[in-house]
Amino acid sequence: MRLSARVDYALRAAAELAVGGERPVTAVQLAEAQQIPPKFLENILSQLRRSGLVRSQRGPEGGYWLARPAEQISLADIIRAIDGPLVGVRGERPEHLGYEGPARALQVVWIALRASERAILEQVTLADVASGELPSAVQKLTEDPAAWDSPAFRS
């Protein structure tokens, strides 16, 4: 999986908003806290607002805050808001592809890849990231990455 700079910045800004709670946080504060180019961040925050993940208010008491509790916003929600579907091949959903001959199994691989990404990205919320307390299944993957290379995984 390859994450764009836009997604990386969006996830970092959203994690900052998660610890901000209900109080508005300015784009400048977010940009400084996460070392994100301010103009780039403004565009990202607009996308998150249009997607219903972030709210905003103008004025001296203005800023941005999450539209829902951080426990209800997954990393997948943020990624989809910025870059669209989690796994696409040439802009298409894997189910809509048509491979022939020996390449036919690639469609199944892309679907499985999307399922494994979703299993992690939909499970981890902004609250998990902001608190540093990741779900145990995700934490376990980081503690033993060699398990992915085990015979049990390959069978």
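# Notebook: helix packing and one aromatic pair

Started with burial: of the 155 residues in the protein, buried ones make up 35%. Note to self that this is a predicted model.

**Overall layout.** I counted the elements next and got eight helices and two strands. Reading from the N terminus, I wrote the order down as α-α-α-β-β-α-α-α-α-α. Then I looked at how far along the chain the contacts reach. Taking contacts with a separation of 6 or more, I find that 55% are between residues 24 or more positions apart.

**Aromatics.** How many aromatic pairs does a search of the whole structure find? It finds one. The partners are Tyr9 and Phe40, and the geometry is edge-to-face, with 5.4 Å centre to centre and 90 degrees between the planes. I checked where the two rings sit: Tyr9 belongs to helix α1 (residues 5-20) and Phe40 to helix α3 (residues 38-50), so the pair links distant parts of the chain, 31 residues apart. I also looked up exposure for both. Tyr9 has a relative accessible area of 17%, and since buried means under 20%, Tyr9 is buried. Phe40 comes out at 29%, which makes Phe40 partly exposed.

**α1 against α2.** I moved on to the packing of α1 with helix α2 (residues 27-34). Their axes are 10 Å apart and the angle is about 110 degrees. That angle is why I list α1 as roughly perpendicular to α2; the range for that label is 65 to 115 degrees. The crossing of α1 past α2 is right-handed. Which residues make the contact? From α1 I noted Arg12, Ala13, Glu16 and Leu17, and from α2 Leu30, Ala33 and Gln34. Sorted by class, this contact of α1 with α2 holds four nonpolar residues, one polar and two charged.

**α3 against α4.** Next I took α3 with helix α4 (residues 75-83). Here the axes come within 9 Å and cross at roughly 110 degrees. α3 and α4 are therefore roughly perpendicular to each other. I checked the handedness too, and the crossing of α3 and α4 is right-handed. On the α3 side the contact is made by Ile44, Gln47 and Leu48, and on the α4 side by Ile78, Ala81 and Ile82. By class I get five nonpolar, one polar and no charged residues for the contact of α3 with α4.

**Asp8.** Back to α1 for one more residue, since Asp8 is in that helix. Is Asp8 buried, exposed or partly exposed? With a relative accessible area of 34%, Asp8 is partly exposed. I also took a C-alpha to C-alpha distance from Asp8 to Ile82: they are 9.8 Å apart in space, with their positions 74 residues apart in sequence. Ile82 had already turned up on the α4 side of the contact with α3.

**Thr125.** Last lookup of the day. I found Thr125 in the loop between α5 (105-121) and α6 (126-131). Buried or exposed? Thr125 is buried, at a relative accessible area of 13%. Leaving out residues up to four places away in sequence, I see Thr125 touching Ala70, Glu71, Ile73 and Ser74.

Definitions and conventions: Residues numbered from 1 in each chain as written. Predicted model: local features only at pLDDT ≥ 70, side-chain atom pairs only at ≥ 80, totals over all residues. Heavy atoms only, no water. Helix = DSSP H or I, 4+ residues; strand = E, 2+ residues; numbered from the N terminus. Buried < 20%, exposed > 50% of the residue type's maximum accessible area, 1.4 Å probe, protein only. Contact = heavy atoms within 4.5 Å. Phe/Tyr/Trp six-rings, centres within 6.5 Å; stacked < 30°, edge-to-face > 60°. Axes fitted to C-alpha atoms, helices over the stretch in contact; angles between N-to-C directions. Parallel < 35°, antiparallel > 145°, perpendicular 65-115°, else oblique. Left-handed = near helix turned anticlockwise from the far one by under 90°. Nonpolar A, V, L, I, M, F, W, Y, C, P; charged D, E, K, R; others polar.
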